[in-house]
Amino acid sequence: MGAGEDTERAVRRITLTKPVSLEAGSDAAEYKAPNLLSRILSLFKDVRPGSDLSHFKVPPQFNMPKSQLQCYGESVYCFNEDMLRKCNNGKNPIDRFVAVVAWNISTLRPLTFGISPFNPILGETHHASAGSLNVLLEQVSHHPPVSALHATDEKENLEMIWCQQPSAKFYGTSVEVEVRGKRELRLSNHRETYVMNAPNLMFKFLPTPGAEWSGNLRIACHDSGLEAELRFKGLSFFGFGGNARSIKGKIFDSLSSKPLYEVNGQWDRTVTAKNIESGEVAVIYNAKENIWRLRTPTVQDLRCVWPSESAVVWSEVSQGILSKDWEAAKKGKRTLEEKQREIAREMASRGETWVPKHFTFSHTKEGGWDCTPIHKSVPPSPIVVPK
């Protein structure tokens with residue numbers, strides 16, 4: 001069999017699943033194995049509190065049938081209400097900034113306790129389109145895990161560049177994932193660039209299992225001098241002293257430190273912004289309108305899907321999870337891991353280092369990563385979100 005035929009066979013093994021949303025049955029809950037909590041605790045019996053879990057491997061019973069690259073991408077291109085276009089349509093800098101805050105909140109998706117996406121393999125990609133928005137992700141590093149995202153919309157003249165490095169640590173009764181790296185949103189029509197980080201993920205085992213976003217989110221536009229500080233807070237250890245999935249923060253003028261808006265709400269319900277000067281309160285984000293019953297992407301042309309595509313790379317494992325054939329899923333996952341180790345050994349023997357195909361990267365003074373797309377724009381993808 002020729003290489004071309006082999007590639008075509010690989011491309012035809014593709015598995016796309018429902019995006020994570022607020023809709024019951026659309027998230028990872030339907031994939032979980034029985035006795036989940038006891039199984040999870042058994043995994044950590046030999047792990048010390050404070051340990052770094054970045055390279056911690058879990059069996060397929062604890063995976064949802066999609067890669068982390070797909071989850072990153074879906075948060076950008078799977079939506080009901082185009083919050084991104086609203087950012088571009090704002091009449092003035094403050095209107096656009098409030099819209100950017102709302103769009104950023106819209107990228108948060110529900111978390112399911114005990115279930116996580118696959119850790120992407122080195123060189124894995126995810127490429128999808130929604131209307132005129134084209135999104136491309138690549139796993140540019142495996143140790144440490146670093147994912148890069150580039151998205152362009154030539155019709156709206158906007159661009160996104162993300163560099164994500166999740167770092168997980170075990171704290172005895174919980175696991176916290178710090179999502180390092182910065183996100184940039186560029187609105188070229190207005191010559192504005194917005195720089196932001198991402199909140200952390202918290203998974204609690206005891207006393208009540210749960211998963212939530214936590215920590216601080218900062219958004220800054222140096223072109224307008226506007227900034228936002230948002231705090232994500234959930235329930236306390238015993239389930240009291242807070243509102244689940246709550247957001248509280250402010251938008252202010254960084255040049256004068258003058259507060260302009262107070263932001264309050266719950267990211268899975270509604271979030272409001274109160275104009276401090278006028279006292280007017282407006283709903284800037286409604287989760288049910290935006291991330292309810294999201295549509296599963298479809299493939300327009302199988303022959304144009306890259307062999308490195310997440311839905312191709314993990315297809316066998318995903319099918320095993322969906323059918324609850326754990327042996328098949330385990331076998332598929334083990335095959336991928338062995339192939340990764342073999343490639344690493346071959347490159348080491350030749351004195352070679354991995355070079356990403358779609359991004360270049362550099363290291364920051366703080367020890368982080370910066371990723372830069374090689375191409376000016378992202379082409380349309382054969383994987384599309386139906387209208």
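## Exercises on a predicted model

At 55% relative accessibility, R293 counts as exposed, the classes being buried under 20% relative accessible area, exposed over 50% and partly exposed in between, with a 1.4 Å probe and protein chains only. The model is predicted, so that local features need pLDDT of at least 70 and side-chain atom pairs count only at pLDDT 80 or more, while totals for chains, interfaces and linings use all residues. Residues are numbered from 1 along each chain as its sequence is written, and side-chain values use heavy atoms, with hydrogens and water left out.

**Exercise 1. Determine where R293 and K324 lie, and describe their phi values and accessibility.**

Step 1. R293 belongs to the loop between α6 (287–290) and β17 (298–299); helices (H or I, at least four residues) and strands (E, at least two) are DSSP runs, numbered from the N terminus.

Step 2. The phi angle of R293 is near 55°, a positive value in a residue other than glycine.

Step 3. K324 is located in the loop between α8 and α9. Its phi is near 60°, again a positive value in a residue other than glycine.

Step 4. With 44% relative accessibility, K324 counts as partly exposed.

**Exercise 2. Characterise the packing of α8 against α9.**

Step 1. Two packed helices are described by the angle between their axes and the distance between the axes.

Step 2. For α8 (residues 315–322) and α9 (residues 326–349), the angle is about 160° and the axes are 7 Å apart. Axes here are lines fitted to C-alpha atoms, for helices over the stretch in contact, and angles run from 0 to 180 degrees between N-to-C directions.

Step 3. α8 is therefore roughly antiparallel to α9, given that angles under 35 degrees count as roughly parallel, over 145 as roughly antiparallel, 65 to 115 as roughly perpendicular and the rest as oblique.

Step 4. The crossing of α8 past α9 is left-handed, meaning that the near helix is turned anticlockwise from the far one by less than a right angle; clockwise would be right-handed.

Step 5. On the α8 side, E316, V317, G320 and I321 meet W326, A328, A329, G332, K333 and L336 of α9, where contact means heavy atoms within 4.5 Å.

Step 6. The residues of this contact divide into 6 nonpolar, 2 polar and 2 charged. Ala, Val, Leu, Ile, Met, Phe, Trp, Tyr, Cys and Pro count as nonpolar, Asp, Glu, Lys and Arg as charged, and the others, Gly among them, as polar.

**Exercise 3. Is N200 buried or exposed, and which side chain does N200 join in a polar contact? Treat D268 likewise.**

Step 1. N200 is found in strand β10 (residues 200–204) and is buried, with a relative accessible area of 17%.

Step 2. The side chains of N200 and E176 are joined by a polar contact of 3.2 Å. Such a contact is a pair of N or O atoms within 3.5 Å; within protein, one must be able to donate a hydrogen and the other to accept it, and residues adjacent in sequence count only if both atoms are side-chain atoms.

Step 3. D268, in the loop between β14 (258–266) and β15 (270–275), is buried at a relative accessible area of 15%.

Step 4. A polar contact of 3.1 Å links the side chains of D268 and R245. Leaving aside neighbours within four places in sequence, D268 is in contact with L22, R245 and A287.
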